[in-house]
Structures are given as C-alpha cells and as structure tokens.
Amino acid sequence: SNERARFMEFFRPQADPKSIQAIKNVFGCSMIVPEGYYVAVNKDHFMWLRREEVDKSFGLIVYELPYKSTDDLNGERLIKVRDSVTKKYIPGPTDGSYMSHDDYFIKPVFKTIPDFPAGYAVETRGLWKTEGEFMAGPFVSYTVVNPEATKIVTVEGFIYYPNKAKRDLLRQLESILWSLKF
C-alpha cells in the first residue's frame, strides 16, 4: 500500500545496521529495522528484537523451521509453533509467565498474501497475551518459504500499549515486516 511505502521511506534513513546484520547472519534474509531496537534473544534460529519506550513496548520476532510440506503453512499449525517458541523465549514479568496467543476474545485470522515481497506468505493477525499476567496486545506475522533453503521463516511484530489505540503503531510494524527479502 502507499501508506506502507511512506513508512518505509521514513524508516530507511534511520535503519539500524546492527539489527539488520544480526538478522542477515542468522536467517540469510534482510529486513529494514529502524533504530531503537535491540536484540534481546538470539538462539536456535529464534530472534527477538525489542524497543522499549516509557509507555509502550514493541517486539519483532523472527524464527525459522524446516519446511516439509504445505501443511507447515496451515493456520492452526502456525499458531501452535508460535506458541511453542514464545513460551520458550518470551518470558512474562513474573516467574512462570510467558507469551501465548489469545483464543478467547478474538480467534487468530489467517490470510494468504500472494504479493508479499519475499514471496507467497501466510499472514496471521491476532492477540497475544501473557499467561498468568494481565498483559495483552495485537500481533501480525508473515510466514514465508525461503526459496534458497528448505525452511520457512516467520516474521512478527507485536505491541504492548495498554488502553491506547494501537492501529497506527501496528501499521508501522507491518511496514517493517513487509521489507523482508531473501
């Protein structure tokens, strides 16, 4: 969309070379990450980049899995995988709390995006929540098959900004995700 293109023009000059290089090293793809993000977790082909502000947090996650068949792009499967990696790598503020997706208020919505820049993608939109805590927010992700390898890569953006409108912020994250290229 034009809006996405505008955001990208805005972000490009403030791109963070460190984060961009980290993603390239692990996943062999590029994504334009603006300044202000730092790599919080980088292990087992999972990366979490965070940006913390006074009243809100942004997260970008990138993870990779072997690609065996188109079943790997099935929505239910994608959510299961998402929950398993976020449980493992994105802890909540208290012992035993961790991030998962919310099925109770809004079920995740899946959509295929044939014109995603990195190739055919499955988009997932939903709500994340922290098990054992009162924390939640929106997320959007894109899962795409890496054409050079037998792997699928998922890039996701999520926001924590309690009691405030998040639509425009989610759009900004979406623009970052749409910059993904192999």
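In what follows, Ala, Val, Leu, Ile, Met, Phe, Trp, Tyr, Cys and Pro count as nonpolar, Asp, Glu, Lys and Arg count as charged, and the remaining residues, Gly among them, count as polar. The structure described here is a predicted model.

That classification applies to the lining of an internal space. A search of the whole structure finds one cavity of 30 Å³ or more, and the volume of the largest cavity is about 50 Å³. Its lining is made up of Tyr-63, Leu-78, Ile-79, Arg-82, Thr-124, Ser-141, Thr-143 and Thr-154. Helix 3, which covers residues 75–89, and strand 7 are the elements that each give two or more residues to this lining, and helix 3 gives the most, with three residues. Sorted by class, the lining of the largest cavity holds three nonpolar, four polar and one charged residues. The charged class includes Arg, and Arg-82 is among the lining residues.

The lining residue Thr-124 also leads into the strand pairing, where Phe-110 stands opposite Thr-124 in strand 6. Strand 5, residues 109–113, pairs with strand 6 in the antiparallel sense over five bridges. Strand 4, which spans residues 98–101, is likewise paired in the antiparallel sense with strand 6, residues 121–131, and this pairing runs over four bridges; within it, Tyr-98 has Glu-131 of strand 6 as its bridge partner. Strand 6 pairs with strand 7, residues 136–146, as well, again in the antiparallel sense and over nine bridges, and in that pairing Arg-125 stands opposite Val-140 of strand 7. The hairpin of strand 6 and strand 7 has four residues between the strands, and in this hairpin Gly-132 takes a positive phi near 85 degrees.

Arg-125, already met opposite Val-140, takes part in a salt bridge with Glu-123, in which the closest N and O atoms are 3.2 Å apart. How do the two partners stand with respect to burial, given that under 20% relative accessible area means buried and over 50% means exposed? Glu-123 has a relative accessibility of 5% and therefore counts as buried, whereas Arg-125, at 28%, counts as partly exposed.

Side chains of opposite charge can pair when their charged atoms come close, and the count for this structure comes to eleven salt bridges. One of them joins the side chains of Arg-77 and Asp-72, with an N to O distance of 3.0 Å. Here Asp-72 is buried, because its relative accessible area is 5%, while Arg-77, at 38% relative accessibility, counts as partly exposed. Arg-77 lies in the range of residues covered by helix 3, 75–89.

The side chains of Arg-50 and Glu-52 also meet in a salt bridge, at 2.9 Å from N to O. Arg-50 has a relative accessible area of 25% and is therefore partly exposed, and Glu-52, with a relative accessible area of 38%, is partly exposed too. Beyond these pairs, salt bridges link Arg-51, Glu-53, Asp-55 and Lys-56 in a network.

Key. Residues numbered from 1 in each chain as written. Predicted model: local features only at pLDDT ≥ 70, side-chain atom pairs only at ≥ 80, totals over all residues. Heavy atoms only, no water. Pairing = 2+ DSSP bridges. 1 Å grid on protein atoms, 1.4 Å probe; cavity = no way out; pocket = protein on both sides within 12 Å on 5 of 7 lines; lining within 4 Å. Points joined across faces, edges and corners; volume = space filled by probe spheres on them. Salt bridge = Lys/Arg side-chain N within 4 Å of Asp/Glu carboxyl O. Buried < 20%, exposed > 50% of the residue type's maximum accessible area, 1.4 Å probe, protein only.
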